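This briefing turns to the sheet of the structure shown below, then to a helix that packs on that sheet, and finally to an enclosed space.

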Amino acid sequence: MTNSIDLESQRRCGFVALVGAPNAGKSTLLNQLVGAKVSIVSRKSQTTRALVRGIAIDGASQIILVDTPGIFQPKRRLERAMVASAFSGAADADVVSLLIDARRGVDDEVEAILSQLLQLKTKKILVINKIDLIARAKLLALVADLTSREKFLEVFMISALTGDGVDAMRKSIGKLMPVSPWLYPEDQLSDAPLRLLAAEITREKIYDRLHDEIPYQSTVETDLWSQQKDGSARIEQTIFVARDGQKKIIIGEAGRTIKAIGQAARLEIAEAAGHPVHLFLFVKVRENWADDPERYREMRLEFPKDP
């Protein structure tokens, strides 16, 4: 009894917001820190839309990592919701982790993020990602520039893709967490419902398979998740697009594109669920889906009311 009380008194738990420009590598880093895929990854920017929380454990510390949408200059309603979500996640966190793509350095988007971070009194750490892709002299100059602009508790140089430096970062973040009981069970990896993760996985496969504007003009929702007697699950999802021409592109000639998307998504959803799944995809045209509050609720985003 005494041992369990002592263990509980040593526990730490807190929130770390991962912020940065689009394509800085936030989702890849989140997955590395958690040790499992909880956020979708794409070479395309602005892939993450809602706040995705992954849960990492380091010793007595439970670290709740918030993968925020990339911060950029928004134009459309959906983009404004994404950016508002990112800053909301940063303001509510115990620690803000600014992730910088070493290759891009300090561009206009990073400048805008830095100006916003200056207004936050939250503890901040600096993470330079993709360090294997630039010369050491440039890397050190970048760190010197950034640390002269903002006071960071710690600076980490990592490669989120290979995992280099990520373990050390996890240990250091764990020590920054406040003393607190854990908020989630030890074996829980994310707070996202499996239905939402499944929809995100299918959206990722659309990004992988298609190009140009199609992925940005689409969203995916899980309509049905039914457990079958043999232990498998029947999943039905709807892909919403804005125009009929986009529907034809997603379906593809003789249905080949949507079949490939479904096959790739099914394998990852089954891995996440821990049992076989039968995935059925449907495509619907909803011209103004990006102005529909219901679609935002499905993505766990606040609906911006202003035009």
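In the residue classes used here, Ala, Val, Leu, Ile, Met, Phe, Trp, Tyr, Cys and Pro count as nonpolar, Asp, Glu, Lys and Arg count as charged, and the others, Gly among them, count as polar. The model is a predicted one, and the points below concern its open sheet of six strands and the second largest of its cavities, which holds about 40 Å³ of space.

**Sheet**
- The six strands of the open sheet follow the order β2-β3-β1-β4-β5-β6, and their pairing is mixed.
- Because β2 (52–58) and β6 (155–157) stand at the edges with a single partner strand each, one side of each is left without a neighbour in the sheet.
- Direction ignored, neighbouring strands of this sheet are turned against each other by 25° on average.

**Strands β1 and β4, with helix α4**
- Strand β1 (residues 12–20) pairs with strand β4 (residues 95–101) in the parallel sense, over five bridges, and Ala17 stands opposite Val96 in β4.
- Helix α4 (residues 108–117) packs on the sheet, where it touches β1, β4 and β5 (123–129), and the direction of α4 makes about 165° with that of β4.

**Cavities**
- Two cavities of 30 Å³ or more are counted.
- The second largest cavity is lined by Ala21, Ala24, Leu99, Ile100, Asp101, Arg104, Gly105, Asp107 and Val110.
- Strand β4 gives the most to this lining, with three residues.
- By class, the lining of the second largest cavity comprises five nonpolar, one polar and three charged residues.

Note on methods:
Residues numbered from 1 in each chain as written. Predicted model: local features only at pLDDT ≥ 70, side-chain atom pairs only at ≥ 80, totals over all residues. Heavy atoms only, no water. Pairing = 2+ DSSP bridges. Helix = DSSP H or I, 4+ residues; strand = E, 2+ residues; numbered from the N terminus. Axes fitted to C-alpha atoms, helices over the stretch in contact; angles between N-to-C directions. Contact = heavy atoms within 4.5 Å. 1 Å grid on protein atoms, 1.4 Å probe; cavity = no way out; pocket = protein on both sides within 12 Å on 5 of 7 lines; lining within 4 Å. Points joined across faces, edges and corners; volume = space filled by probe spheres on them.
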